[in-house]
Amino acid sequence: MTCSSCQKKVQDLLLATPGVTSATIDLVSGSATIDMSSHVSTEALQAALKDHPKYQLTEKKSPVVAYEEPSVSWFVTYKPILLIFGYVLAVSFLIGKSDIWVTMRVFMAGFFLVFSFFKFLDLGGFADSYSMYDIVAKKFRAWGYIYPFVELGLGLAFVTGFKPIPMNYITLAVMSVSIVGVLQSVFNKRKIKCACLGAVFNLPMSTVTIIEDSIMIAMSVVMLIKMS
């Protein structure tokens, strides 16, 4: 675009997209800055310009480093995830009582249900964060939108006791794939945001995330050994 008329037309087309609250076109840099009341996909923005093929819109890739280390203590930083683990663990012991297998099943159910809940609060934000480090979401961004539904399904399956052997195999597979990206990020010391609690909490990727995934992998393996 080289004229203000084209600039205004594109801005109006983008503003007509549901969820877009403002759109500013910079003719010099050839970039668009778009504010949204809720997440709007790049595909939806491109669709707004489909009847005007001379206007092309592509997504500007964000830098990998997307997290700034907070100047607070370790406990304050990870307080949300520690509280969640504490609550889920306490409820699991109360329900399971002396039965360790029931305790483990309830813990796995609570883990998936609670963590999926936070991801659903901002599904688009989770998908954006997850695609920065997960090995599947990097190549198949839609996985970031699918993953919370997988967690929800696993949580409900563990609550109801639905097909425990297949569900534990799925848990093992999903969490094993998930931990690969986490390990790569932590060992490479990449300072990025962890998407374990969605986009609600600003948690850094760290060994806490590795421990979280490892616990679920270990539990699924133990459950499979017990049921075999």
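**View 1. Helix α7 meets helix α8 in this predicted model**. From α7, the residues taking part are Y147, V150, L154, A157 and F158, and they meet M167, N168, I170, T171, V174, M175 and S178 in α8. Sorted by class, the residues of this contact of α7 with α8 come out as nine nonpolar, three polar and no charged. The two axes come within 11 Å and cross at roughly 145°. As for handedness, α7 passes α8 in a left-handed crossing.

**View 2. Helix α4 packs against helix α8**. Here we follow α8 (residues 164-187) to another partner, α4 (residues 100-120). Their axes lie 13 Å apart and the packing angle is about 50°. That angle makes α4 oblique to α8. The crossing of α4 past α8 is left-handed. On the α4 side the contact is made by M108, F111 and F112, while α8 brings N168, T171 and M175. Four of the residues in the contact of α4 with α8 are nonpolar, two are polar and none is charged. If N168, T171 and M175 look familiar, that is a good sign: these residues of α8 also meet α7.

**View 3. Helix α3 packs against helix α4**. Stay with α4 and bring in α3 (residues 74-96): the angle between them is about 145°, with the axes 8 Å apart. In this pair, α3 passes α4 in a right-handed crossing. The residues on the α3 side are I81, I84, F85, V88, L89, S92, F93, I95 and G96. Facing them, α4 contributes V102, T103, V106, F107, G110, F111, V114, F115 and F118. By class, the contact of α3 with α4 holds 14 nonpolar, four polar and no charged residues. Keep an eye on F111, which takes part in the contact of α4 with α3 and also in the contact of α4 with α8.

**View 4. A salt bridge joins K119 and E151**. Zoom in on the two side chains, which meet at 3.1 Å, N to O. K119 sits in helix α4 and E151 in helix α7 (residues 143-160), so to speak a link between distant parts of the chain, with the two residues 32 apart. In total, the structure holds two salt bridges.

**View 5. Strands β1 and β2 form a hairpin**. Now for a change of scenery, away from the helices. Strand β1 (residues 20-26) pairs with strand β2 (residues 31-36) in the antiparallel sense, over six bridges. Two places help you trace the pairing: I25 has A32 of β2 as its bridge partner, and D26 stands opposite S31 in β2. Between the strands of the hairpin there are four residues, and G30 takes a positive phi near 70°.

**View 6. The protein chain as a whole gives the close-ups their setting**. The chain has nine helices and four strands. Reading from the N terminus, the order of elements is α-β-β-α-α-α-α-α-α-α-β-β-α. Taken along the principal axes, the C-alpha atoms fill a box of roughly 75 × 40 × 25 Å.

Definitions and conventions:
Residues numbered from 1 in each chain as written. Predicted model: local features only at pLDDT ≥ 70, side-chain atom pairs only at ≥ 80, totals over all residues. Heavy atoms only, no water. Axes fitted to C-alpha atoms, helices over the stretch in contact; angles between N-to-C directions. Parallel < 35°, antiparallel > 145°, perpendicular 65-115°, else oblique. Left-handed = near helix turned anticlockwise from the far one by under 90°. Contact = heavy atoms within 4.5 Å. Nonpolar A, V, L, I, M, F, W, Y, C, P; charged D, E, K, R; others polar. Pairing = 2+ DSSP bridges. Salt bridge = Lys/Arg side-chain N within 4 Å of Asp/Glu carboxyl O.
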